Amino acid sequence: MRFRKRLPYLLLAPSILILLALILYPLGFALRNSFWFWNLQTSPAPLYHSGLDNYRMVFQVTPFAEALKNTLLLAGLGTFAQFWFGMGIALLLYTHLRGMGLFRALLIMPTTLAPVVAGFLFRYLLEPKGGLLPWLLEGVGFPVPPQGFLGNAGTALFSIGVVDTWQWTPFFAIVLYAGLLSISEEVLEAALVDGASRWRLFWSISLPLLRPIAAFLVMIRFMQLFNSFDLVYVLTSGGPGTSSRTLSFNLYREGLVSYNIGLTAAMTWLVVIIVSVIINLYLFFIYRKREW
Amino acid sequence: MRAPTTRQKIIIYALMALVMIFFVGPILWFILLAFRHPSDAYNLPPEIIFQPDLGNFITTFVEPGNNAIQLVNSLIVSTGATLLSLPFALAAAYALSRFAMRGKEFIMNWYISLLIAPPIVFVIPYFILMSWIGWAGSYQAMILTLQTLAIPFSVWLLKSFMDEVPIDLEEAAWVDGANRFAAFFRIIIPLALPGIIVTSMFTFVFSWNNVLFPLVLSKQSTTTLPVGTISFFASTGIYWGYLASTAVVAMLPPMIIFLLLGRYVVRGLTFGAVKG
């Protein structure tokens, strides 16, 4: 009997232990080294205890505040755009006209790509000299910055957001479409009979019923965008200057380009704290009745 | 539901055409690039119809074919990560699907918190750890660290499939004298097999498309194909022809797998949370 009670925990233990080892090691490593001066280029081991210097330096040496602002802007606007574009396309699919099945199968293609590949696609399309998009846009009289959209401080971050939106809008579209299908036709018919307009139907019935799915999707996507590294790396490398640097790219630069391990460790903990706050705020507001 | 009028149909199809051009067009354009002669990459106005040229693929995969080994590496790392995650995930998913226990909700949330944590936070310490224990640049370094994503994902998705195997069948097996382990292998595994295959395919794709771990943890001889494409980004310019040919080969397996997955795509992309 005691074995029966323990069995589920015994089954969970291997996965939890391996994951704990894989998480606690980096977090512990970062916590310890955040109080030490250590540059991997000059020494293979931490040099001396430096108190809170690393935490101070994060703000003085790296554009941490700017990276945080860029990251929140990218994640917030990107998720918002992807959700509503995806919802629009889901409603188009929901008309069930002939051919929609084929469209849906093709539509998911951007989401299957590795983010670096999506980055290359648009890097090619956006090349200032010889790229298709600047050429088309100039053809219709749209102003294109001479350094291109990726080389201009005012448009670089926005362009990263557009590419991510290109890649992930289809994801929202097909999942929200699946959500729309799960809403019972009878409820919608009844409201139509009662004289509700389609517009009213969408806002008052479909959208509230999609809320649990939508909340889940938005949380997942917001955090994936918050963590963006691949796209930034391929499209702009955080530039020009630091205008499109995100927190993940800032960590990469300090840790694996400058090899400033102590400072990176301090930044790691700042990011871990920010991420925990965001996730918990989200769970608190959206999942007060935790549904999963 | 009311059928749309002809005018509405025209508007819907026109919008859908724009959607398709926007979302599929860039991929087709890039595939064409792989078949262009390198000197034609920047020709404007662009040539839609041209003599396809296999030169890029020959250089990258045949002679000298520096990228062929990366294709093999990608297969090794993605398959390895998928196979390693399965036993861990199967056990955990079975426990979460079949037992009432305290803290189940917390454990589920804990798995998902790993999926949305910033991987860059983990990868820098791994980079130093792997060189200390002599695993720098090894396949096992990538396969092991990818488990931070592969196991939580597989647990969630497998649980959603196991939830659908009726418990009656298992109970019938117990009555017939099978113990829990025998029932697991005789009932759950065969009935959840489609789910196990679907989960493995998704884990494979996510591992295949992952760039951060191999970028930091591989060496030149073990690096994967998506990372290999980045090497055509030289300071002297971008070798678009070669880059496109490797990127096109790198995008094929995920695309084919997604087409095969069909109606499971929604479920996989939402970790089993939306049935689709």
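Visitor: Where is the place of Ser237(A) in chain A?

Guide: Ser237(A) sits in the loop between helix 11 and helix 12 of chain A, where helices are DSSP runs of H or I with at least four residues, numbered from the N terminus. The model is predicted, so local features need pLDDT of at least 70 and side-chain atom pairs count only at pLDDT 80 or more, while totals for chains, interfaces and linings use all residues. Residues are numbered from 1 along each chain as its sequence is written, and chains are lettered from A and ligands numbered from 1 in the order in which they are written.

Visitor: Why is Ser237(A) called partly exposed?

Guide: Ser237(A) has 17 other C-beta atoms within 10 Å; a residue is buried at 20 or more such atoms, exposed at 12 or fewer, and partly exposed in between, with C-beta atoms placed from the backbone. The value for Ser237(A) falls in between, and therefore the residue is called partly exposed.

Visitor: Which residues have a positive phi although they are not glycine?

Guide: Among them are Ser237(A), with a phi of about 50°, and His96(A), with a phi of about 55°. Most residues other than glycine have a negative phi, and most peptide bonds are trans.

Visitor: What makes His96(A) count as exposed?

Guide: His96(A), in the loop between helix 3 (64–93) and helix 4 (100–107) of chain A, has 11 C-beta neighbours inside 10 Å, and therefore counts as exposed.

Visitor: Which peptide bonds are cis?

Guide: One of them runs from Gly239(A) to Pro240(A), with omega near -5°, and Pro240(A) lies in the loop between helix 11 (230–235) and helix 12 (247–257) of chain A. Another runs from Glu63(B) to Pro64(B), with omega near 5°, and Pro64(B) is placed in the loop between helix 2 (55–62) and helix 3 (68–98) of chain B.

Visitor: Why is Pro253(B) called buried?

Guide: Pro253(B), which lies in helix 13 (residues 240–261) of chain B, has 20 other C-beta atoms within 10 Å, and therefore counts as buried.

Visitor: How do you know that the span of helix 10 of chain B agrees with its number of residues?

Guide: The expected span is 1.5 Å times one less than the number of residues, so the 17 residues of helix 10 (residues 193–209) of chain B should span 24 Å, and the end C-alpha atoms are indeed 24 Å apart. Of those 17 residues 13 are buried, so helix 10 of chain B is largely enclosed by the rest of the structure.

Visitor: How many residues of chain B are in contact with chain A?

Guide: Chain B brings 69 residues into contact with 65 residues of chain A, contact being C-beta atoms, placed from the backbone, within 7 Å. Helix 1 (residues 6–34) of chain B gives the most to that side of chain B, with 13 residues.

Visitor: What makes the largest nonpolar core lie between two domains of chain B?

Guide: The largest nonpolar core, a set of buried Ala, Val, Leu, Ile, Met, Phe, Trp, Tyr and Cys residues joined through C-beta atoms within 7 Å, has 150 residues, and Val117(A), Ile174(A), Val175(A) and Ala92(B) have the most contacts inside it. Domain 1 (6–60) and domain 2 (67–235 + 248–269) of chain B both give residues to this core, so the core lies between them; the domain bounds come from an automatic or database domain assignment.

Key:
Two residues are in contact if their C-beta atoms, placed from the backbone, lie within 7 Å. Helices (H or I, at least four residues) and strands (E, at least two) are DSSP runs, numbered from the N terminus.
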